[in-house]
Amino acid sequence: MQSMGMVIMKQTFDGTQGVIQQQGQNMPMPTEMVNELKNRPIFIEEKLLKSEVKLTSLETLNDKDVYVISQDKKTYYYDTQSKLKVAEKVDVEQNGQKISTMSYFTKYTEVKGIKFPFETDRELGPGFSVKLLTNEVKINEGVTPGDFKI
């Protein structure tokens, strides 16, 4: 994170160890954070392959046939034709009530062989939603091996 050209916070992880830089001071990453980063998949689909998931049903969502895949408190919706994730539902509990939020992913654009949704509609509550627009995706531009040195 930068402000006025100065690094305010930066995390560096080389696959084995990590450092957190805040306002000019370096601190080793806590072991718990290092272990989490070692096991974190780049894409959620990698995690789905290694966990307990269920193909719940085949449904229609926004005039498209979708596979419905459930895992814990999340439900993923994949277009049967394109195989792209078109929606995601997250269930949370607040004050004893179950609340579900939906996110819809559209306008997929390919960047270096990977398709990214350039438009996300996220429902934040009854009658309230936000549209997130992506203008550009850069993958590893200007990144060197030195950026990962601890």
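## Note on strands, turns and salt bridges

1. V130 is partly exposed, with a relative accessible area of 31% (buried is under 20%, exposed over 50%, partly exposed in between, with a 1.4 Å probe and protein chains only). V130 is found in strand β12, which covers residues 128–133. Strands here are DSSP runs of E with at least two residues, numbered from the N terminus.

2. Some terms of reading. This is a predicted model, in which local features need pLDDT of at least 70 and side-chain atom pairs count only at pLDDT 80 or more, while totals for chains, interfaces and linings use all residues. Residues are numbered from 1 along each chain as its sequence is written, and side-chain values use heavy atoms, with hydrogens and water left out.

3. V130 belongs to a nonpolar surface patch of about 350 Å², together with L124, F128 and L132. Strand β12 gives the most to this patch, with 3 residues. A patch takes residues with over 30% relative accessible area and no salt bridge, and joins nonpolar side chains (Val, Leu, Ile, Met, Phe, Trp, Tyr) within 5 Å and like charges within 9 Å; the areas come from the Shrake-Rupley method with a 1.4 Å probe, and for residues only the protein chains shown count as cover.

4. Strand β12 also holds K131, whose salt bridge with D121 has its closest N and O atoms 3.0 Å apart. D121 is in strand β11 (residues 114–125), so the pair ties together parts that are 10 residues apart in sequence. Both partners are partly exposed: K131 at 46% relative accessibility and D121 with a relative accessible area of 24%. Salt bridges with shared partners join K107, E119, D121 and K131 into one network. A salt bridge is a side-chain nitrogen of Lys or Arg within 4 Å of a carboxyl oxygen of Asp or Glu.

5. The structure holds 7 salt bridges. Another of them joins D79 and K64, with the closest N and O atoms 3.8 Å apart. This pair links distant parts of the chain, D79 in strand β8 and K64 in strand β7, 15 residues apart. The two ends differ in cover: D79 counts as buried at 7% relative accessibility, whereas K64 is partly exposed, with a relative accessible area of 41%. E88 and K85 also meet through their side chains, at 2.9 Å from N to O, and both residues are buried.

6. K64 has a further role in the strand pairing, standing in β7 opposite L61. Strands β6 and β7 run antiparallel and are joined by 7 bridges (two strands pair if DSSP finds at least two bridges between them). They form a hairpin with 2 residues between them. N62 is in this loop, between β6 (54–61) and β7 (64–71). Although N62 is not a glycine, its phi is positive, about 50°. N62 is exposed, with a relative accessible area of 56%.

7. The next hairpin is made by β7 and β8, again with 2 residues between the strands. These two strands run antiparallel, joined by 6 bridges, and S70 stands opposite T75 in β8. D72 is in the loop between β7 and β8 (74–79). Phi of D72 is near 50°, a positive value in a residue other than glycine. D72 is exposed, with a relative accessible area of 77%.

Technical notes: Helix = DSSP H or I, 4+ residues; strand = E, 2+ residues; numbered from the N terminus.
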